[in-house]
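Q: Please take a close look at a single part of this model. I would like one connected account of how that part is put together and what it touches.

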Amino acid sequence: MQNQPIRNNRIQEYINLLASSSQFLAGKLLYKQQMLLQGFLGYIASKFNTNSALQNEMKGTQGWINVSVGMKSEDDSAKGTIIFKDGTVKLLNYIPNEVDCTLIFSTPKDLIEQMDASPDEAYRMILTGRVRTEGNIMLIGLFNYYVNLIVGRDQQKSVDKQISEHKKANKIAGKEVANTSICRNEQSSRKITRLRSTLIDPGVMFLEDPFLSNYGLEDFPRIQRFRSEYFNRKKEAVVCHEYGKLITDFHLEYGYDVDNKGKTWDPNLRKAESLKYILERRKPIIREDDLLAGTYTTDPVSGCIGHPFAVGCYSWGELRSFANRELMPYEISEETIQILHKHVFPFWARRNIHELWRSNTGNGLPIQIHDRFFSIFYWKTVSMSEITPGHEKILKHGTKGMIKIIRDELNNDYKADEEKKNTLKAMIICLEAINIYAKNLAQQAAKDAQIEKNPKRKMELEQIKKILVKVPENPSTTVDEAVQAMIIVHLCLTMENSDDGPMLGRLDQILQPYFISDMNKLSTPEEKEIYVKHTIDLLGSLFYRVASHQILIPDIGNWQNSGSAPNTTITVGGVDRDGEDAVNDMTYIILKVTELAGLNDPNMHARYNPGKNSLNYLKRVCDVNYITGATPCIHGDDAMFAALTNHGWPIEDVRNWVANGCVEPSIPGKHSSATSSLEINLVAPLEMALNNGKHPLTKWEIGPGTGSINGGDFITFDQFWNAFEKQCKFLLELSVVGNNQLGEIYQKHQPAPLLSVLIDDCIEKGRGLTRGGGHYNSTGVSVIGLADVVDSLMVTKKLVFEEKVVTFKDLKEAIDSNFYNNPKLHALVKTRVPRFGSGNNEAIEMANKVTGMVHDYYINQRNYRGGIYTTGWWSMANHAVYGRVTGALPTGRLAGEPFTPGLTPHPSASVNLLDNLRDVARLDPRNLDNNIAFNVKIVPGASDTHEKIVDTLTHYAKTYFEMGGMQTQFNVVTTDILKDALANPEYYQDLMVRISGYVAYFTKLQRDLQLEVIRRAEYRI
Amino acid sequence: MRSPLIIDIKGNSLDDGPGIRSVIFFKGCPLSCVWCHNPESRHPLAELSFDLQKCIGCGSCIEKCQVGALSRDNVFFVDRKKCTLCFSCAADCPTGALSRIGQKMTQEEIIEKVLKDKPFFDSSGGGVTFSGGEPTLHMDFLSGLLKTLKEAGIHTLIETCGYFNFDEFKRTILPYTDMIYMDIKLFDPEQHERYCGVDNALILENFIRLHKLSIQGGFEIIPRSPLIPGITDTEENLTAIARFLKSNQVKEIRLLPNNPAWHEKCFSLGISDRFMEDSPLRKWLQPAVMEACQCIFECLNDSYETWN
């Protein structure tokens, strides 16, 4: 997600200047690249050296903002260095060793092309290794910031040109839609029919119609208002500087490596004090009309926190282009730009996770792989917080009670070592800090109430104040208190950790006891009905609060995880610790709020336990999925239980599992899970096996030599399998090494004392999460490209080694030529061999063999906390990202095309959806212990009724899960709707699609991914 | 036992009976309806199909053909007079553009293919539908399949034109059948003979006899009428059918709107399509026409249930 070297025609101004000069013409003949490079850098330097406004930009609050950047082509035919130092800019025609960072172009031609590329082309160049970076990535951002000051206007022109070209192409695609009004009506008509239910699950105590069919959005003006403000906001989010400024202020005042007395800071105490500093000083905000106090940022509708030590560090170069970029444009004020550029980012330039990783490991192989995007992405460069904390601890004990528990531990453990003492002290500081923030909010609520004219709102504000005086310091006793306490703790957790998480967990199980207690206090049916309605309203506030923060995402991240929200997950349904049906009133209330809110975040998950959960509940889940088009995602308990108990975890804990982030399992309140730590391209080792260790597109001879196809080294398929396995293990080993290096950096620099309070055993052990304090410790991996690998192996096995239809050499030659030289073979490989998802036994065996091989490797590795690695088969948007860096495959997939999302079978595997469902259900769940993402795009027939569609979805889901399916996500949408949305996005602002694990608004997706979603197989109901 | 050729086994069907179903298409039909929307199912023998859309023009089939039946100069590509139906071109074709329609399958093979979806049948109240072509052309074979499915607890449905020997049907098919969809296309015998190739007396008689039997329980029979513009959707025809059903106390009918998709298939089978581009048979039925047709049934008797 890092690095954005020079892109598009940002130096157009310079090229124009040069084009007219005779010097340039000479250069064109002889040293074109070198001349261009030197000329470009010289132009930048002269501007900065002569313009006082630009010189002022080089001056920060902590001194001059310096950077030295080398640029060269891989063959060294062109090179140069630009040095911004102490207010002046110098050039060198060589690259010294101590340079901060270097941009390397694969060929001299790439250097030229990059200068003239559109943003999309520029990112494609980065993602396909034609441009890469070495060195401090945050400082490359600084260099880009400087360059932008000079040629920003030209850059913007190129962005605008691309936007208008896309619009034009989209309009053309939209013309294929026969009837646009049917498309536009279809979406809204789903919300009109409401199914009723008179069947009552055993855990439902109050709702007469669990589907709550009496309520529509019109009954909740507050949710309606939040919805309208959210979907009509001008920009994706406001970039806020509050967090960045406060954490930087703190360290400037109190030190980083050492405290202001010169003593080495204990990392936990430092982190806790910084959290306290932030929470004491951040602005207490109660959004107008909101039932819940507190915000993630200073913008209550949608803001970016932008942790400068993690994801925030990649955005320096884009501060001035955020506002007008094509994807996810942000609003940012000049004040915020100045604060981030001059005050915040300079401080973190050498203290961010990525740079600490690089400098601590001497730019080792893992970080080199990471920076070249083609095979492993180490997510810890962004976050480690895909964890579900035990929110009940705060609800039950209050922060006061938790402080007492920690104090008692501190006082009673005479043998406590220094680390334990510091860790526990840090926890107490964090909990006290939460109370300070809550008190500030209470005061604000009182102030707001005082000046409020509307008597109803005044009462609400007074009630909010009353609640805030009590919680989260004291135990919660009502639903209102519990939800307020939870969200405050969540806000504070995102002030400590990256905000892609932490999760909210089993909200229905957490809230039901409070709901029962509240309802039992009411006597009349009318009072009870009003309270149910209030609860829906309250959770509406919660949902829109969760949706109000966005991860500060650099533009290249819009390619990698396009349209992804922070993914704060909520899980409902399933069974309780004793294995009994856990569906209750709150389950249905939360499903109703999911239907009404229509949001992609919180990322909603429903567990279905065959045999325990009712069909009626599953039907309601499918109903909400149909109405929203894409959410909730549905999970099968049987398969997940089999996967997790295989780790030796007791069934009682496993029964409590929740989905984290995208889909990954975590045991709430007990599990330090970091479930999306590694994103592995499984096709890379396959390509390396085909090329004797060399990765073709990056031209990098990185892997071990495992045999040459042209040299005739593969006589049997098993020999080729062995080569693939060897390349695989070579990369997987590096993934473990790199992740563990990053883990140690978190231990020293970004521990999480507050999050550790909410995970079992951390207090007793006196060790934070990063130090292995949690009861369960694991690291989660997502492996991308399963169907493409399995199908490729099948084609090789059948056509080369068994049927001998083609020699391996000829197949390899066809692949290398992108099948250009052999269209007949191209057709043959696409049709002759049964694929994963076709119902073919051999293909399933191959799929189990591949998943088994990867899982068996990971399960035997240990992370830096002593835990296991778990293997998942979901892809976020990486099936498109990794597809771009991959050449043609034996399956006939052409170079650059996306892989299938998650472990979804290829569309050509079968025309029968049931074959897909059956095959995925037949995978051994033990190899899928970090879950899967299985997309099913379903298209209702024109004359099908709402009930028939929902019933059919329910039958698919029920049968799939009874057969042992682990997860599925239905996208209920027609290709025509998607095409119309492409052409006319204004009608489809809230149209959601599941990518692979997460949900995105279709109109906000990066265009390649939009096309990928359109191309997916669709199955008519 | 004479075994039929199977055109296709289609899984996950939601339109051929209740719930999620598998549909088995038999090849061959005693009728020859001019609008038949499965033209590939009429002939009982195997046929060669050529799908122009799939062809990449590699030309290897032309070399493969021993009798020179394939040529780019031929609009249909396949010279059906020369073709000996050896299917070696289809075996060689890399894209499946050339393919054999009609496969020999044993009862065991068919059963194995449909049984894997039994869990979906069970949870949705679905099952297996026999269609075609005309499945009752092969009563022994069909009977064996039905019996096995019945024993496995699977719901069975037969889509039939009704042109069969009643006694044999009653003896071999009925005991293992849960539901019958029988077409009543045209009421007038002459019209029926003209458009469907056979007289309809046997069909109507079979329908009445089965309907009477069904009242005693054990199976259901539902009449269906295809609405073919200008041929079957006339007021005269539909009123006659409605009267016939009413006089036999039949309370339900399914109306099937014209499906023009089949015209595309004619080319691949080398059949020249007898309907012009602008023929109403090449269009979907307008909803208004559909409603008018429904009205004919519902107006005659308000307890009628028409669905499509």
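A: **Chain B: its domains and its contact with chain A**

In this predicted model, 8 residues of domain 1 of chain B are in contact with 9 residues of domain 2 of chain B. The domain 1 side of that contact divides into 2 nonpolar, 5 polar and 1 charged residues. Domain 1 is assigned to 5-44 + 102-307 of chain B, and domain 2 to 47-101. Their centres, taken over C-alpha atoms, are 32 Å apart.

Next, the contact with chain A. Chain B puts in 16 residues and chain A puts in 18 residues. On the chain B side, β1 (5-13) and α4 (118-124) each supply at least two residues. The largest share there comes from α4(B), with 4 residues. By type, the side of chain B that touches chain A has 7 nonpolar, 7 polar and 2 charged residues.

Now the cores. The largest nonpolar core has 367 residues. The members that touch the most other members are A:Cys430, A:Ile434, A:Cys492, A:Leu786, A:Val790 and A:Phe1002. Helix α16 (residues 418-451) of chain A gives the most to this core, 13 residues. A second, separate core has 12 residues, including B:Phe50, B:Cys65, B:Ala69 and B:Leu98. In soluble globular proteins, nonpolar side chains tend to be buried together.

One core member in detail: A:Leu786. Leaving out residues up to four places away in sequence, A:Leu786 touches A:Leu682, A:Ala847, A:Val850, A:Thr851, A:Trp873 and A:Leu903.

Terms used:
Residues numbered from 1 in each chain as written. Chains lettered and ligands numbered in written order. Predicted model: local features only at pLDDT ≥ 70, side-chain atom pairs only at ≥ 80, totals over all residues. Contact = placed C-beta atoms within 7 Å. Nonpolar A, V, L, I, M, F, W, Y, C, P; charged D, E, K, R; others polar. Core = buried A, V, L, I, M, F, W, Y, C linked by C-beta atoms within 7 Å. Buried ≥ 20, exposed ≤ 12 C-beta atoms within 10 Å, placed from the backbone. Domains from an automatic or database assignment.
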